[in-house]
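User: I am new to reading protein models and would like some guidance. Could we work through one together, feature by feature?

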Amino acid sequence: FRHGAPMYQYFVSLHWAAGQITLGAIDIMPTNSCERAFFVVSMFCGFFFGSTLVSMLSAAMMDYRMMQKDKTMKLRQLRRYLQENEVNSGIAVRVQKQVEQRLSL
């Protein structure tokens, strides 16, 4: 390793670092700089797509939670309005059910 070309040493080091990040053993070892470079580029592409997937899932979950929170807040405001204005309980229940159905769409 010490007597190899600087580019080979660089790719070996980069290969080792990428392997440490993934916490996985590599069964097939590259034998030259081109193979190591291909491995490193492939690994970084995998990191990019993996992190993009996690980011998209997190954003979707947060959007869902925000929509649920908004729906809960609107229903809470409606209940408070109906109680403060002493609306008949039978009518209040029908109004709440109608609003819940419309918010679910």
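**A guided reading**

Analyst: Lys74 and Asp70 form a salt bridge, in which the closest N and O atoms are 3.4 Å apart. The model discussed here is a predicted one.

User: How many salt bridges does the structure hold?

Analyst: The structure holds one.

User: Where do Lys74 and Asp70 lie, and how many residues apart are they?

Analyst: The general idea concerns the geometry of a helix. An α-helix has 3.6 residues a turn, so residues three or four places apart point the same way. In this case, Lys74 and Asp70 both belong to helix H2 and are four residues apart, about one turn of the helix.

User: How does one read whether Lys74 is exposed or buried?

Analyst: One compares the relative accessible area with two cut-offs: under 20% is buried and over 50% is exposed, with partly exposed in between. Lys74 counts as partly exposed because its relative accessibility is 40%. Asp70 also has a relative accessible area of 40%, so Asp70 is partly exposed.

User: How should the overall fold be read, and how many helices and strands are there?

Analyst: The protein has three helices and zero strands, and its elements run α-α-α from the N terminus on. The radius of gyration is 29 Å, well over the 13 Å that the globule rule gives for 105 residues, so the protein is more spread out than a compact globule. Along the principal axes, the C-alpha atoms fill a box of roughly 90 × 20 × 20 Å. Of the 105 residues, 15% count as buried.

User: What do the contacts show about residues at least 24 apart in sequence?

Analyst: Among contacts between residues at least 6 apart in sequence, 47% join residues at least 24 apart.

User: What is the mean pLDDT of the protein, and which elements have the lowest and the highest values?

Analyst: The mean pLDDT is 85, and 92% of the residues reach 70 or more. Among the elements, H1 has the lowest mean, 77, whereas H3 has the highest, 93.

User: How can the span of helix H2 be checked against its 52 residues?

Analyst: One compares an expected span with the separation of the end C-alpha atoms. At 1.5 Å a residue, the 52 residues of H2 should span 76 Å, and its end C-alpha atoms are 76 Å apart, which agrees. For the 17 residues of helix H1 (residues 6-22), the expected span is 24 Å, and the end C-alpha atoms are 25 Å apart, which also agrees.

User: Which residues of H1 are buried, and which are exposed on the other side?

Analyst: Phe11, Val12, His15, Ala18 and Gly19 are buried in H1. Seen down the axis of H1, the buried residues fall within an arc of 130 degrees, so they line one face of the helix. On the other side of H1, Pro6, Trp16 and Ile21 are exposed. Helix H2 (33-84) is included in what covers the buried residues of H1.

User: Which residues of H2 are buried, and what do they pack against?

Analyst: The buried residues of H2 are Arg36, Ala37, Phe39, Val40, Met43, Leu75, Leu78 and Leu82. They pack against H1 and H3.

User: What does Gln96 in helix H3 touch?

Analyst: Gln96 lies in H3, which covers residues 89-104. Leaving aside residues up to four places away in sequence, Gln96 touches Leu78, Arg79 and Leu82. With a relative accessible area of 19%, Gln96 is buried, because the cut-off for that class is under 20%.

User: How should the phi of Glu86 be read?

Analyst: Most residues other than glycine have a negative phi, and most peptide bonds are trans. Glu86 has a positive phi of about 50 degrees although it is not a glycine. Glu86 is placed in the loop between H2 and H3, and at 70% relative accessibility Glu86 counts as exposed.

User: Finally, how does separation along the chain relate to separation in space for Cys45 and Met56?

Analyst: Cys45 and Met56 are eleven residues apart along the chain, and their C-alpha atoms are separated by 16 Å. Cys45 lies in helix H2 and counts as partly exposed at 38% relative accessibility. For Asp70 and Tyr10, 60 residues apart along the chain, the separation of the C-alpha atoms is 53 Å.

Technical notes: Residues are numbered from 1 along each chain as its sequence is written. This is a predicted model: local features need pLDDT of at least 70, side-chain atom pairs count only at pLDDT 80 or more; totals for chains, interfaces and linings use all residues. Side-chain values use heavy atoms; hydrogens and water are left out. Helices (H or I, at least four residues) and strands (E, at least two) are DSSP runs, numbered from the N terminus. Buried means under 20% relative accessible area, exposed over 50%, partly exposed in between (1.4 Å probe, protein chains only). Contact means heavy atoms within 4.5 Å. The expected span of a helix is 1.5 Å times one less than its number of residues. The arc is that of the directions from the helix axis to the C-beta atoms. A salt bridge is a side-chain nitrogen of Lys or Arg within 4 Å of a carboxyl oxygen of Asp or Glu. pLDDT is the predictor's confidence in each residue, from 0 to 100. The radius of gyration is taken over C-alpha atoms; the globule rule is 2.2 Å times the number of residues to the power 0.38.
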